[in-house]
Amino acid sequence: MTAATMTHDEAHHGPPKGIRRWLFSTNHKDIGTMYLVFALIMLFLGGLSAMAIRAELFMPGIQLLEPDLYNNIVTNHAYIMIFGAVMPAAAGLANWMIPLMIGAPDMALPRMNNLSFWILPAAAVMLVLSFIVPFFPEGGSQINTGWTIYPPLSVKVGPAMDFLIFALHLLGISSVLASINIIVTILNMRAPGMTLFRMPMFCWTWLVTAFLLILVVPVLAGGITMLLFDRHFGTSFFDAAGGGDPVLFQHLFWFFGHPEVYILLLPSIGVLAQVIPTFARKPLFGYKSLVGAMLIVATLGMVVWAHHQYTIGMSMGAVNYFMIGTILISIPVGLMVFNFIATMWRGSMTFETPMLFAVAILVMFTFGGLTGVMLAVIPADIQYHDSMFVVAHFHYVLLPGAVFGLFAGVFYWLPKWTGHMYDEKLAKLFFWINVIGFNITFFPQHFLGLAGMPRRIVDYNMAFTEFNMISSIGALIFGLSHLLFLYIIVKTIRGGKKAEARAWEGAEGLEWEVPSPPPFHTWETAPVVR
C-alpha cells in the first residue's frame, strides 16, 4: 500500500486487520489473491454444472434433468466458466505480477482495483439467482437459450433472464475497470529505463487484452440493454413483427463473443512466454515478432465475428470476407506457436509441472486451431454447425489455451506467492490425470459431431451411446482431478519446503543464468524489484 492510498486511520493505526484487510484492501497482492480464490470457487461451481451435463448424456433418454433444466445448466456453465473462473483468475495473475514485473509499487488506481473485484461477488450472486429463480412460484421459465441468449427465445424467458442481463452488466463493468487500471499502470508506472519493448511478455499480453476488453464489452452491454428494452419497454430492436431484426443481436453478441476468445487466451500466452524460457533456459525467441503476432490476432479477431453465423443467410461477399479473415488468423497464431517451439529448440529443458502444462498447451491448442480452420471453411462449417464437433473444437482451444495456461502460471508463481514450494510429485500427478481426463472427455466429441449429433440436446440417438459414455467417464476423471489441485494449493499455503530466492535455479541439478538485459544508461537507476 502506498502512502497516497492510506487513509488517516491507516496512517495512525497501521493497515486494517482481519476481514477489514480484505474488504478495504488497496494492496495489489491481496486483491490478486481474492481474484484467484473467487475464480477457484467459481471453477468448482462451473465444473459441477459440466459434470451434471455429462451425467445426463451418459445414456440416451432423460435420466436426471428435464430439457429446460438441462439447457439452463448449459447456459450457466458457460457464463460461470468464462466470466466467473477464467477471466477473474487471469485478472488475479495480472494484479499479482504486473506491478512486480514493471517495478511499480502498486496498481495505478488502487481504490478502483478494490471496486473492480468487489463487483464480482455481486455479479456472481445474480448469475446464481438467474439459475435458481425459476424454481420459485411465479418464477417463470428457465433460461433455455444457451450462452448466446438469442432472441426471440430470450425475449420470452421469465425474470431469470433479467438477473442474467444485470449480472452481465456488472461483470462487464468489473472487466472494464480492471482493464483501465492495467493500461494506466503499464503505460505510466514502469521503472526508469523499462521501455515497452523491454518489459516482460506477460505485461504485453495483458496490455493488448485490456484494450480488447474496453473495445468489445460495451458492444455486449448495448446488445443486452436493447434486449432488456424489448423485454420490458415495448421496443422492437430484435422483434421482426415490430420491424426489428433478430440477426442484429447475433452480430452484436459475436462482435463481443469472438474477441472474448482472445481475451481468454492472451493472458495464458503471456504465462507461456514466462514459463518456456525459464525451463528451456534460453531467452524468448523473437520477442518483437510475438508482440506483433498478438497485435495482429487482436486486430483480426475483432473483424471476423460472423464466422459464428454462416448459417443465417449472409451474402456470398460477406461470407467470403469472414472466411478469408478467419483463415488469416491462423498465420499470427501459428507464429506464436512456432516462437515457443523455437524457444525450446536445443534448450536445456527440464519438465517441472509448469513446463509440462506449457508443452501440453502447445500440442492440444494447435490441434484445436486445426479444427478451427476446418470450421472456418464455409461448406464444411454448414455441416458441422451446432454439432458436438463445435463443442469439441472450442474446448480444445479454451481449456488448454486458457485454463491450462492459468494452471501453469499458478504452479510457476506459487512459490513466490506463498514462500513455499508445492509438492512436485502431486502436481505432476494432477497434470497427468487432468490432461488424460480432458482428452478422454473431448476427443470423442469430434466423432459425435461428424456423425451428426447436435449440441445442447438433452436426448440423442442410440447410435451415439458409446462415444457419449467414454466422454462422460473422461469428464468424471477430469472433474475429480481438480480436487487434487485444491489439495496441492491448500497444502502449499499451509507450509512445506521453503522456496529459495530463485525457486527454479538448478532444477533437476542444472545450473543456469537468466540472460541479462542489454546495457543502457538508465538501467542503473531502476529500482530493484524482488
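This is a short talk through one predicted protein model, from the overall fold down to a few individual residues.

Hi everyone, thanks for coming. Please keep in mind throughout that we are looking at a prediction.

Let me begin with the whole chain. What is the secondary structure made of? The protein has 16 helices and zero strands. Its radius of gyration is 23 Å, close to the 24 Å that the globule rule gives for 530 residues, so the protein is as compact as a globular protein of that length. If you lay the C-alpha trace along its principal axes, the spans come out at about 70 × 55 × 45 Å.

How much of the chain is buried? Of the 530 residues, 56% count as buried. As for the surface, the protein exposes about 22,400 Å², and carbon and sulfur atoms supply 71% of that area. On contacts, take the pairs that sit at least 6 residues apart in sequence: 81% of those join residues at least 24 apart. And a word on charge: there are 25 positive and 26 negative charges, and their mean positions lie 13 Å apart.

Now to the helices, and I'd like to start with α14, which runs over residues 388–418. Where does α14 bend? The bend is at Tyr412, by about 40 degrees, and a proline, Pro415, follows within four residues. This helix is mostly covered, with 28 of its 31 residues buried. Just after α14 comes Gly419, with a positive phi near 80 degrees.

Next, let's go to α8, residues 201–232, and pick out Leu207. Is Leu207 buried or exposed? Its relative accessibility is 5%, and the cut-off for buried is under 20%, so Leu207 counts as buried. Leaving aside residues up to four places away in sequence, Leu207 touches Ile183, Ile186, Leu187, Leu196 and Met199. Take Ile186 from that list: Leu207 and Ile186 are 21 residues apart in sequence, and their C-alpha atoms are 7.3 Å apart in space.

Over in α7, which covers residues 160–188, we find Ser175. Why does Ser175 count as buried? Because its relative accessibility is 13%, and buried means under 20%. Setting aside residues up to four places away in sequence, the contacts of Ser175 are Met87 and Leu213. For a sense of distance, Ser175 and Ala342 are 167 residues apart along the chain, and their C-alpha atoms are separated by 34 Å.

One more helix residue, please: Asn339, in α11, residues 316–344. Asn339 is buried, with a relative accessible area of 2%. Which residues does Asn339 touch? Not counting residues up to four places away in sequence, they are Phe285, Gly286, Ser289 and Leu290.

Let me finish with the loops, and with some backbone geometry that you may want to look at on screen. Pro151 and Pro152 are joined by a cis peptide bond, with omega about 5 degrees. Pro152 is in the loop between α5 (110–132) and α6 (153–156).

Then there are two arginines to show you. Arg281 has a phi near 55 degrees, a positive value in a residue other than glycine. You will find Arg281 in the loop between α9 (246–280) and α10 (287–301). At 13% relative accessibility, Arg281 counts as buried.

The other arginine is Arg456, and here too phi is positive, about 55 degrees, although the residue is not a glycine. Arg456 has its place in the loop between α15 (424–450) and α16 (465–494). How accessible is Arg456? Its relative accessibility is 26%, so Arg456 counts as partly exposed.

To recap: we have a predicted model with 16 helices and zero strands, a bend in α14 at Tyr412, a cis peptide bond between Pro151 and Pro152, and positive phi values at Arg281 and Arg456. Thanks for listening, and I'm happy to take questions.

Methods. Residues are numbered from 1 along each chain as its sequence is written. This is a predicted model: local features need pLDDT of at least 70, side-chain atom pairs count only at pLDDT 80 or more; totals for chains, interfaces and linings use all residues. Side-chain values use heavy atoms; hydrogens and water are left out. The bend at a residue is the angle between axes fitted to the seven residues ending there and the seven starting there. Buried means under 20% relative accessible area, exposed over 50%, partly exposed in between (1.4 Å probe, protein chains only). Contact means heavy atoms within 4.5 Å. The radius of gyration is taken over C-alpha atoms; the globule rule is 2.2 Å times the number of residues to the power 0.38. Accessible areas come from the Shrake-Rupley method with a 1.4 Å probe; for residues, only the protein chains shown count as cover. Lys and Arg count as positive and Asp and Glu as negative; His and the chain ends are not counted. The place of a charge is taken as NZ of Lys, CZ of Arg, CG of Asp or CD of Glu.
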